[in-house]
Amino acid sequence: MPDTLTITDNRTGKTYEIPIQDGTIRAMDLRQIKVSDDDFGLMSYDPAFKNTACCRSAITLIDGERGILRYRGYPIEQLAEKSTFLEVSYLLLHGELPNKAQYDGWVDEITHHTYVHEFLKEAMRGFRYDAHPMGKLVSMLGALSTFYPESKKVRDPEVRKRHIIKAIAKMPTLAAWAYRHSLGQPYVYPDNELSYVGNFMAMLFKLAEPKYEPHPVLERALDVLFILHADHEQNCSANAMRSVGSSEADPYVSLAAASAALYGPLHGGANEAVLRMLQAIGSVDRIPEFIEGVKNGKGRLMGFGHRVYKNYDPRARVIKNLAHEVFEVTGKNPLLDIAVELEKIALEDEYFVKRRLYPNVDFYSGLIYQAMGFPTEMFPVLFAIPRTTGWLAQWQEMLTDPEQKIARPRQVYVGAGERDYVPMDARG
Ligand code: SDX
């Protein structure tokens with residue numbers, strides 16, 4: 001049987017053979033289906049792109065039915081167990097795991113680009129101490145763009161490489177400075193003797209001690225969390241990165257747009273919303289009342305559900321196990337008992353089972369962040385740092401894909417028909 005779709009337009013009786021490739025048809029192949037020569041032709045209508053592939057990508061595979069996640073073909077469980085975040089960032093951007101020389105060179109480049117221009121301190125001073133760190137981060141990325149006008153040359157591979165490295169290297173510095181600004185504490189400059197995550201922890205938590213020594217269990221836990229959050233194919237913020245980047249805007253303002261999309265509570269802001277939800281529930285015996293409220297439309301069970309996963313998010317499973325390792329060091333987060341019981345009840349409740357709602361990456365991550373001493377509003381920032389690599393990999397793939405051009409969806413117009421201007425004194 002041929003890989004084609006035969007469409008009969010019952011308005012005209014005409015039939016059309018539409019090729020099927022990779023389980024899709026090209027939306028542009030619908031435009032030939034017309035009722036007359038001056039007809040624009042058919043479009044597909046897909047609000048929120050629930051059934052639309054915007055690109056061909058080789059970066060990340062998600063199998064929502066089976067709860068599978070792979071970066072460049074490698075299962076997330078293996079990368080979380082055996083790799084490091086910087087190795088995974090190399091993999092996502094280059095398509096292959098690095099050999100020793102490539103890895104050492106990559107780490108060296110990232111390590112030596114962690115400083116940011118001193119003028120950014122002035123920009124940070126413009127925020128109130130209690131400004132949300134995601135608002136600061138989005139703004140700092142826009143400000144960073146103004147220091148690197150060269151980065152506008154997005155079609156130059158050498159320029160792209162230089163600024164991909166700068167962006168990955170500087171995100172932890174901007175995030176740490178946003179945190180220190182909220183505490184009124186002096187900024188801590190990068191320590192090149194520490195790992196990517198260890199240096200981030202030092203810039204966050206170092207006080208009067210001469211040398212900050214990250215706790216190895218917490219440093220490894222944060223590195224694993226960064227691996228798990230590095231990319232997730234065409235999620236809302238990746239789509240923002242691709243869309244803004246398709247206009248040939250520079251990578252820093254494109255990252256600002258992606259970070260803004262991630263900030264939303266339905267996306268990367270969910271980890272913050274989960275903690276506030278658990279705190280509002282307050283105790284295990286109040287879970288049934290909360291669940292009933294959700295089922296009656298009073299809000300959502302944050303950290304549950306996913307557009308693609310209709311099974312357990314494999315990242316949530318890794319994070320749940322990681323939590324126990326972290327709590328060995330930090331002491332158990334008392335909210336864990338509420339989260340575990342909430343998950344157990346939800347997974348047995350018909351409302352959630354029928355809708356195939358399972359814990360996602362955000363359900364347990366906040367418990368670890370809180371136990372490590374991060375304030376709740378820093379949680380989405382901890383998502384944005386590793387996801388910078390994924391956004392940049394998607395951006396790079398978009399720019400080098402000959403099929404891609406500036407993103408500009410169409411619409412179905414349902415507004416008023418043509419009408420004449422009405423002078424003010426003639427209006428009702
Ligand atoms: C991330 O896309 C990605 O890959 C994102 C991400 C990544 O790594 O980039 O994985 C990260 O964003 C994870 C998701 C974090 N968000 C949350 O945890 C917020 C709570 N979850 C949802 O709001 C929701 O599940 C979404 C936004 C994640 C997905 O929404 P969809 O696919 O548009 O599903 P929907 O809103 O159409 O819901 C389908 C049904 C609805 O019920 P009915 O109208 O059919 O009666 O399920 C219900 C929804 O009301 N539903 C929920 C629910 N999620 C969906 N009901 C209660 N609690 C929830 N969490």
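A polar contact here is a pair of N or O atoms within 3.5 Å. That cut-off helps in reading the ligand site of this model, which is a predicted one. At leucine 266, a backbone N or O atom sits 2.9 Å from a nitrogen atom of the ligand, so the pair falls within the 3.5 Å limit. Leucine 301 also uses its backbone: one of its polar backbone atoms is 2.8 Å from a ligand nitrogen atom. With histidine 232 it is the side chain that takes part, placing a polar atom 2.6 Å from an oxygen atom of the ligand. As for cover, the ligand on its own has 1000 Å² of accessible area, and the protein covers 76% of that.

Turning to the wider surroundings, 24 residues lie around the ligand, and those that come nearest are His232, Arg300, Leu301, His306 and Arg315. Two of these names, His232 and Leu301, have already come up in the contacts above. Sorted by class, the shell is a mix: ten residues are nonpolar, seven are polar and seven are charged.

Elsewhere in the chain there is a little sheet story to tell. Strands β3, β4 and β5 line up in that order as an open sheet, with antiparallel pairing. At its edges are β3, spanning 60-63, and β5, spanning 74-75, and each of them pairs on one side only. Strand β4 covers residues 68-71 and is joined to β5 by two bridges, the two strands running antiparallel. Across this pairing, tyrosine 71 faces another tyrosine, residue 74 in β5.

Definitions and conventions. Residues numbered from 1 in each chain as written. Predicted model: local features only at pLDDT ≥ 70, side-chain atom pairs only at ≥ 80, totals over all residues. Heavy atoms only, no water. Near = heavy atom within 4 Å. Polar contact = N/O pair within 3.5 Å; in protein donor to acceptor, adjacent residues only side chain to side chain. Areas by Shrake-Rupley, 256 points an atom, 1.4 Å probe, with all protein chains shown as cover. Nonpolar A, V, L, I, M, F, W, Y, C, P; charged D, E, K, R; others polar. Pairing = 2+ DSSP bridges. Helix = DSSP H or I, 4+ residues; strand = E, 2+ residues; numbered from the N terminus.
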